[in-house]
Amino acid sequence: MTSAPPPIPDVDAPEPPDHAEDSGSVDLSPGLKERLTGRDWLAVAPLRIAAAVGIPLVGFFLLLLTFTFLRDSDANRLTIVAVALVAGVGGVFALYWGMDFVNNQLPERIAARIRPWIFVGPALSVLALFLVWPTIRTVWLSFLDDDGEAYVGIANYEFAFTDNLMLTAFRNNVIWLIVGTFFTVGLGLLIATLVDKLRRRAETVAKSVIFLPMAISFVGAAVVWSFIYAFRPEGRPQIGLLNAIWTALGGSPIAWLQQEPWNNLLLIVVLVWLQTGFTMVILSAAIKGVPDDILEAARIDGASEIQVFWRVVIPTIQSTIVVVTTTMIILILKVFDIVWVMTSGDFGTEVIASQMIRQAFRFFDNGKGAAIAVILLLAVIPVMVLNIRRFREEEALR
Amino acid sequence: MKSQKRIYALLLALAMVAAACGGDDEGTGDSAAAGDAGGELAGEVVNVFGAFVDADAAAFDATVADFEAETGIDVVYEGSGDFETQVGIRIEGGNPPDIAMFPQPGLWANFIDGMVDFDALGVDTGQMRSDLSDYLVELPGQVAESTGNARDGVFGGWFRLNTKSWLWIPVPEFEEAGYAIPETWDDLLALQEQIKADGNTPWCFGMESAGATGWVATDWMEDMVLRTGGTEVYDQWVFHEIPFNDPQIANAAERLGEVIFPEGNVLGGTAAILATPFGDQNTPMFDDPPACYLAKQAGFITGFFPGQDTPDDPSDDVFGPNAPQQETQAIPFPRIDNDQDVLLGAGDLFGVFSDRPAVAETVKFLLTPDGGAGFARAQAGYLSPNSQFDTSNYLDPFQQQQGELLATALAANGFRFDASDLMPASVGAGTFWTAMVDYVQNGPDNLSDVLSDIESSWPS
């Protein structure tokens, strides 16, 4: 979820099959031109399902067989790794190749209609198995008790919206959303605009430095920042950067992460540090894409740089800003690692995701955990819809 | 990225499930290796699954070595750092170990339905009661009942215990300053004042524990309840026969507050209590002069003392059999209002999932006084639950000191298991933890709110 949607090539895409006959482009599937009889459809429909469901099943059992075989063998580790790699990668390749080969033995008018199902179907099936089904099950579980046995109605949701810690978590998530999104996108935009004015070399260096934290995992960053905020009793050596500076300036050490509610902002700083590089890179690319002639025209018309920025650059890159912002919102809704590592939700820093983990995996309360997951899902959906709709509009404009 | 990771995790889980399903035929594999000893069970394999790993796992192998040589049974121990999750996967996946060692009785109780009654294994449970104490034999059943898994019979045996109620003091500075070892709570409070009057700080106190912050304070609370109310109130509290905000519990928490809140009582004040990792708690005590004179923590804390992390080089040790000088000493936590010989602790409880004769023999062996002797000789941190255990097996004087206190407490029915581990997880590892953090952070005035919060969170 941290990368922008890839640009869709708009020239070389094959035309939809229905228009294949009256288009002049290269004909990839001549078989699609032939009309199918009702009997043909009787063959096509089950074969499509077989391709979509059968291939993953066959693949799974082949992998299982290889796994069992390798586990029970006495060969040395390197041989096992080598065999596993060859069998795994080669096996999947052979499977697809073999299926395509089998398919090609069918009459072309049928084969052409099954081919996409062979290649895309398995991916969709696996997606359904691992994403769609768990989602449905989570919704179902959220209406059951902690063991997933008895129906409890909306009790779990009632808990989610009345429990003290849950309310704190909601409050904090709102703070995270507003402050976190504002600063990641705002700082990213500011930096992207400013480095654009730099000489090429300096721009590269500046962007690299700001982008670097992106390479650090959330957990790693949280550990690093835990040391920055670390607190030791007065009179003992301060191992935390912030307290070292603070005490050097004459203050007495402060347990930064215990200062409610400001500690939430201190945690958000970590996210901003991590993600500003991402927003900066995307926005910088968009700013570079603003046509020079528009900028020139604006300047000739006497617009100041600030006017150019607000009246020309921003409207031009608006769609990128929306994409970056929604990506940040989704990321922040799911924020967990930073809180879990740095305060584990103590001192009023609990967030929704950490509550979910706590309920489901520490208290073994599947019902409450699932209910919180569903709430989180519902919160993400509008943002996703907005993102996708935006993306489609843009595609339509091309 | 995130969703991709999730898919990988699911695929991994699927592969693990596949591995668990395919593993049914284990157990007869390398039986030939152990087959040279005598006995009709020679060659049988008994799988033991537990949470301890590395040196502890090796110590377990050592403790069954003689038994294996004698009977020809091959006891295969497998430890997992992820035991809590893995044990459920194995048992619910239809591939349980023969014996599983649970660090938490609550987790043990979840799987009681698949366990074999010790009577059916031919274990003399009467002997077990006299060896282990009635309390230890009955406790697992009580836990099962309180978690809605009640079953008649004896399904849990204790493999090892540990002790919690220790007060650490710096020697020789403690004696040089003329401080007396506190026997009662009033002694302790007087000692606090004396230390402060000398311009020193009485306590070192650290309860930070990453995702588990709170347990140090719950241990404190447990010791306070046990010492103010005795074992009777303690048991009522654990099994929620009295509410969490009962005046007797509030009294215990107020006593705890007499340590935490007075100005200058704790090094760095309450902020430091919440920010100092529990393992670093005692370190300032080894300063010269000591930065504090009192600290409370379980026996395991010795492993966190400075210098103890290099077993090959004892020259910088501050404590233990090889230390050039004992710079600290453990004394039993003082009594409060109550004359019972009480001791707080925890331990590993095992359940048995197979009634094969070889498994039964292994269980019987583990319950004998010699069951843990090899473990005790190999690794510090082992305390036998068996009152007949030969304490000369213990590695060092501190183990012996703990062993003696444990035996006394068990004999007096004063040993009690860590309450937070016996309470429902949403309390014992949830609201009890967060509430104690709240109490320490926000001071004595919010005590009644804190306790009511826990009470209202208790699952009905």
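Which residue follows α9(B) with a positive phi? The residue that follows α9(B) is B:His240, whose phi is near 60°, and I will start from that helix today. Please keep in mind that this is a predicted model, in which local features need a pLDDT of at least 70 and side-chain atom pairs count only at pLDDT 80 or more, while totals for chains, interfaces and linings use all residues. Residues are numbered from 1 along each chain as its sequence is written, chains are lettered from A and ligands numbered from 1 in the order in which they are written, and side-chain values use heavy atoms, with hydrogens and water left out.

When I say helix or strand, I mean a DSSP run, numbered from the N terminus, with helices being H or I over at least four residues and strands being E over at least two. Helix α9 of chain B covers residues 215-238, and although a straight helix of its 24 residues would span 34 Å, this one spans only 15 Å between its end C-alpha atoms. The expected span is 1.5 Å times one less than the number of residues. Within α9(B) there is a kink of about 125°, centred on B:Gly230, where the bend at a residue is the angle between axes fitted to the seven residues ending there and the seven starting there. Is this helix buried or exposed? Of the 24 residues of α9(B), 20 are buried, so the helix is largely enclosed by the rest of the structure; buried means under 20% relative accessible area, exposed means over 50%, and partly exposed is in between, with a 1.4 Å probe and protein chains only.

Let me set beside this a helix in chain A. Helix α3 of chain A, residues 108-141, has 34 residues and reaches 46 Å from its first C-alpha to its last, which is close to the expected 50 Å. There is nevertheless a kink of about 45° in α3(A), at A:Val120, shortly before the proline A:Pro122. The buried residues of α3(A) include A:Ile118, A:Gly121 and A:Pro122.

On the wider layout of chain A, the domain assignment gives domain 1 as 33-140 and domain 2 as 155-397, with bounds that come from an automatic or database assignment. The C-alpha centres of these two domains of chain A lie 40 Å apart.

Now to the backbone, where a general point helps: most residues other than glycine have a negative phi, and most peptide bonds are trans. In chain A, the peptide bond from A:Glu260 to A:Pro261 is cis, with omega near -10°, and A:Pro261 lies in the loop between α8 (241-248) and α9 (262-288) of that chain. In chain B, a cis peptide bond joins B:Val171 and B:Pro172, with omega about 5°, and B:Pro172 lies in the loop between β5 (166-170) and α7 (173-176) of chain B. The loop between α13 (337-342) and α14 (352-362) of chain A holds A:Ser344, which is not a glycine and yet has a positive phi of about 50°. A:Phe347 is found in the loop between α13 and α14 of chain A, and its phi is positive too, at about 55°. A:Ser344 is buried at 2% relative accessibility, and A:Phe347 is buried at 9%.

Finally, salt bridges, of which the structure holds 26 over all chains; the term means a side-chain nitrogen of Lys or Arg within 4 Å of a carboxyl oxygen of Asp or Glu. One of them joins A:Glu203 and A:Lys288, with the closest N and O atoms 2.9 Å apart. Because A:Glu203 lies in helix α6 (residues 200-211) of chain A and A:Lys288 in helix α9 of chain A, the pair ties together parts that are 85 residues apart in sequence. A:Glu203 is buried at 9% relative accessibility, whereas A:Lys288 is partly exposed at 44%. Both belong to a network of salt bridges that also links A:Asp196 and A:Lys207. In chain B, B:Arg255 forms a salt bridge with B:Asp337, with the closest N and O atoms 3.3 Å apart; here B:Arg255 is buried, with a relative accessible area of 17%, while B:Asp337 is exposed, at 56%.
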